[in-house]
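This briefing addresses charged side-chain pairs and a nonpolar area of the surface. It is arranged by topic for reading alongside the model.

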Amino acid sequence: MSTDRPSSGPAGTPPADAAPRRKNRPEKKVEITDPKAIRALAHAARLEVISELYSTQSSRTATELAQQTGLTPSAMSYHLRALQKWGIVVPAEASADARERRWKAAGTDFAINSGGAVAGPDFAVIDLELDAFRRRASAYSRARDEQRQRGESGEPASAVLLASNLLYLTAEQRSELTERVFDLLRDYELEDPSRIPPGSERIATMWSMIPDDRTLPGAPGGHAGT
């Protein structure tokens, strides 16, 4: 899943004033393998909820999540109950004066595993994730354009990075690369999500590794990950 993470310091180092990193926090992975559950995730609002709750590790109300996704609170409550059915989200403890139920992630990590099924329902989820990434990029571009039109210089624009590589990897290398990437990303997650370092901003990250079955004339066989 896509996640929002705090920005890093120079040369990819953590900010000096950052809270302790997530590697000191107990881990609990929620993995979805049931095709029916995967199909249930093929909804933009549900993926947005999963990204928000798992990335921030904070609780939210249906109203708060509805504002973020553009739905009504009642519609969001319906989606939250559907996610609860599959063990993806759970009710959170309410504060003393809370008038509305709060929800939180059922774990620290979330993964979809279709078992390599051809044209599995996870491909619909991938389409929605890519659409969400495009919306984030478009929204950021519009915001920067509006600032320029108003003559506002403000803070220097954050760097937007999108890179693609073609690699030839064995099955063992693919597994190793995946683990190394996620280990690196975990190093930049906060131990206490309520303690956000001053000066940091939400950064959306996306990483993928997709077999490339396109064969070029005269090229050796095999797959390339991007």
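Helices and strands are DSSP runs numbered from the N terminus, a helix (H or I) having at least four residues and a strand (E) at least two. On that numbering, M206 falls in the loop between β8 (202–205) and β9 (224–225). The model is predicted, and it holds 6 salt bridges.

**Salt-bridge network in helix α6**

- E179, D183 and R186 are joined in a network of salt bridges.
- Within this network, R186 pairs with D183, their closest N and O atoms being 2.4 Å apart.
- R186 and D183 are separated by about one helical turn, because they stand 3 residues apart in helix α6 (residues 171–186).
- R186 also forms a salt bridge with E179, with 3.3 Å between the closest N and O atoms.
- Both acidic partners are partly exposed: D183 has a relative accessible area of 35%, and E179 has a relative accessibility of 44%.

**A salt bridge with a buried acid**

- The side chains of E52 and R60 meet in a salt bridge at 2.9 Å, N to O.
- E52 has a relative accessible area of 4%; E52 therefore counts as buried, a class that requires a value under 20%.

**Nonpolar surface patch**

- I126, L130 and M206 make a nonpolar surface patch of about 230 Å².
- M206, the loop residue introduced above, is partly exposed, with a relative accessible area of 35%.
- M206 can therefore be counted in a patch, since patch residues need over 30% relative accessible area.

Definitions and conventions. Residues are numbered from 1 along each chain as its sequence is written. This is a predicted model: local features need pLDDT of at least 70, side-chain atom pairs count only at pLDDT 80 or more; totals for chains, interfaces and linings use all residues. Side-chain values use heavy atoms; hydrogens and water are left out. A salt bridge is a side-chain nitrogen of Lys or Arg within 4 Å of a carboxyl oxygen of Asp or Glu. Buried means under 20% relative accessible area, exposed over 50%, partly exposed in between (1.4 Å probe, protein chains only). Patches are made of residues with over 30% relative accessible area and no salt bridge: like charges are joined within 9 Å, nonpolar side chains (Val, Leu, Ile, Met, Phe, Trp, Tyr) within 5 Å. Accessible areas come from the Shrake-Rupley method with a 1.4 Å probe; for residues, only the protein chains shown count as cover.
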